[in-house]
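Colleague: Could you take me through the contacts in this model, beginning inside one chain and then moving to the pair of chains?

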2 protein chains.
Amino acid sequence: MEADRGVLKEFEEKARVLGIKITPQRLAIYQELARRYDHPSVEEVFAPLREIMPGLSMATVYRTLRFFEEKGLIQRVPSVDDKVRYEGEKAPHAHFVCEKCGRIIDLEVDFSPCLDLKVMESRGLSPKRWELVIYGLCSKCTSS
Amino acid sequence: MEADRGVLKEFEEKARVLGIKITPQRLAIYQELARRYDHPSVEEVFAPLREIMPGLSMATVYRTLRFFEEKGLIQRVPSVDDKVRYEGEKAPHAHFVCEKCGRIIDLEVDFSPCLDLKVMESRGLSPKRWELVIYGLCSKCTSS
DNA sequence: ATGGTTGCAAACGCTTTGCATAACG
DNA sequence: CGTTATGCAAAGCGTTTGCAACCAT
């Protein structure tokens, strides 16, 4: 409850700053993503919301998530299964994907010292951001 | 010519070892990928081959590339534009993707010392392989 | 008032699949 | 020969879009 109120205020503030309209759908989608710590696909965001908002349409969820991402409110997860996935605002991090169960785990990896910026500069490349995905087996799938 | 003959022998040898059938389509697809140094989509593999092999079907190209990948003959490129892309056999490397023109550039990045294996082990994760994609602007797009 | 947002359904693009035919080993 | 690969067309799937109705501001 309190957390929800915090998220509500947070969203209102951000919407105001960005100059975007607040609608019940947008608020619900924002809240759903804010309270989850996984990496839901569009369908996975849509399904629980539909329970409490029966009129909600997939098209709106698709549009809204894309819209939020353009505004920098959320981030797109590097595609690991040919579905669009999102996660809330977080610091840059890597993802570990279990090849067996598909679980996606956030990973703190500071590999910036290993990026040879000089080599990239010498090739005229201007790096802006990166995506690192590590594949393997998670703890559950290793032991079973 | 000589190079082609080399690739032909190479493919025959590998097919023999793997126990897979050699067909004109498979040979053509293998050669096409072997002589390119980019990261073609299925369509981009198909188009030039169709010129010299009019009966060739997209379905075959899809199936064959997937088959080659399963056999370890080629590699799938981390999806950067929601299309399946492949590249020939190469040592592990990263990819630089130009956000403006979409060009994909191979990058030698040895960041293994930066992967904190102990942290992953302590979490019960067993890493097998990784994909690193760096986004930014390429030399052409930086200067224009 | 009015420009932006929604829901619906249709369209879309890429990829996969069922099936009959053809071809490799 | 028996098994496997091919071509064709149709289906599949996630995603996007056109449009009329609707709603924040």
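Colleague: How many residue pairs are in polar contact across the interface of domain 1 of chain A and domain 2 of chain A?

Modeller: This is a predicted model, and a polar contact here needs N or O atoms within 3.5 Å. Across the interface of domain 1 of chain A and domain 2 of chain A, two residue pairs satisfy that rule, both at pLDDT 80 or more, whereas the count of salt bridges across that interface is zero. By class, the side of domain 1 of chain A that touches domain 2 of chain A is made up of three nonpolar, one polar and two charged residues.

Colleague: Where do the two domains of chain A lie along the sequence, and how many residues does each bring to the contact?

Modeller: Domain 1 of chain A covers residues 2-88 and domain 2 covers 94-143, and their centres, taken over C-alpha atoms, are 25 Å apart. Six residues from domain 1 of chain A and seven residues from domain 2 of chain A take part in the contact.

Colleague: What area do domain 1 of chain A and domain 2 of chain A bury between them, and which three residues of domain 1 supply more of it than any other three?

Modeller: The two domains bury about 610 Å² between them, with 66% of that area on carbon and sulfur atoms. On the side of domain 1 of chain A, the residues to inspect are A:His39, A:Pro78 and A:Val80, which together supply 76% of the area that this domain buries against domain 2 of chain A, more than any other three residues.

Colleague: What is the order of helices and strands in chain A?

Modeller: Chain A has six helices and five strands, and from the N terminus on they follow the order α-α-α-α-β-β-β-β-α-β-α. Along its principal axes, the C-alpha trace of chain A spans about 50 × 45 × 30 Å. Within helix H1 (residues 2-18) of chain A, A:Arg16 and A:Glu13 lie three residues apart, about one turn of the helix, and their side chains meet in a salt bridge with an N to O distance of 3.0 Å.

Colleague: What rotation superposes chain B on chain A?

Modeller: To read the symmetry of two copies, one looks at the rotation together with the shift along its axis. In this model a rotation of 180° with 0.0 Å of shift along its axis superposes chain B on chain A, with an RMSD of 0.1 Å, which is the relation of a two-fold axis. In chain B, the C-alpha nearest the axis belongs to B:Leu132 and lies 2.3 Å from it.

Colleague: Why can one say that the copies meet through the same surface?

Modeller: The conclusion rests on shared residues: 100% of the interface residues of chain B are also interface residues in chain A, so the copies meet through the same surface. In this contact, 33 residues of chain B touch 33 residues of chain A, and the area buried between the chains is about 2,800 Å², of which carbon and sulfur atoms give 56%.

Colleague: How many salt bridges are counted between chain B and chain A, and which element of chain B gives the most residues to its side of the contact?

Modeller: Between chain B and chain A the count is four salt bridges, one of them formed by A:Arg76 with B:Asp82, whose closest N and O atoms are 3.8 Å apart. The chains also share 19 residue pairs in polar contact, both residues being at pLDDT 80 or more. Strand E4 (104-107), strand E5 (126-137) and helix H6 (139-143) of chain B each supply at least two residues of the side that touches chain A, and E5(B) gives the most, with twelve residues. By class, that side of chain B has 18 nonpolar, six polar and nine charged residues.

Key. Residues numbered from 1 in each chain as written. Chains lettered and ligands numbered in written order. Predicted model: local features only at pLDDT ≥ 70, side-chain atom pairs only at ≥ 80, totals over all residues. Heavy atoms only, no water. Least-squares fit on C-alpha atoms with pLDDT ≥ 70 in both. Contact = heavy atoms within 4.5 Å. Domains from an automatic or database assignment. Buried area = accessible area lost by both parts, 1.4 Å probe. Polar contact = N/O pair within 3.5 Å; in protein donor to acceptor, adjacent residues only side chain to side chain. Nonpolar A, V, L, I, M, F, W, Y, C, P; charged D, E, K, R; others polar. Helix = DSSP H or I, 4+ residues; strand = E, 2+ residues; numbered from the N terminus.
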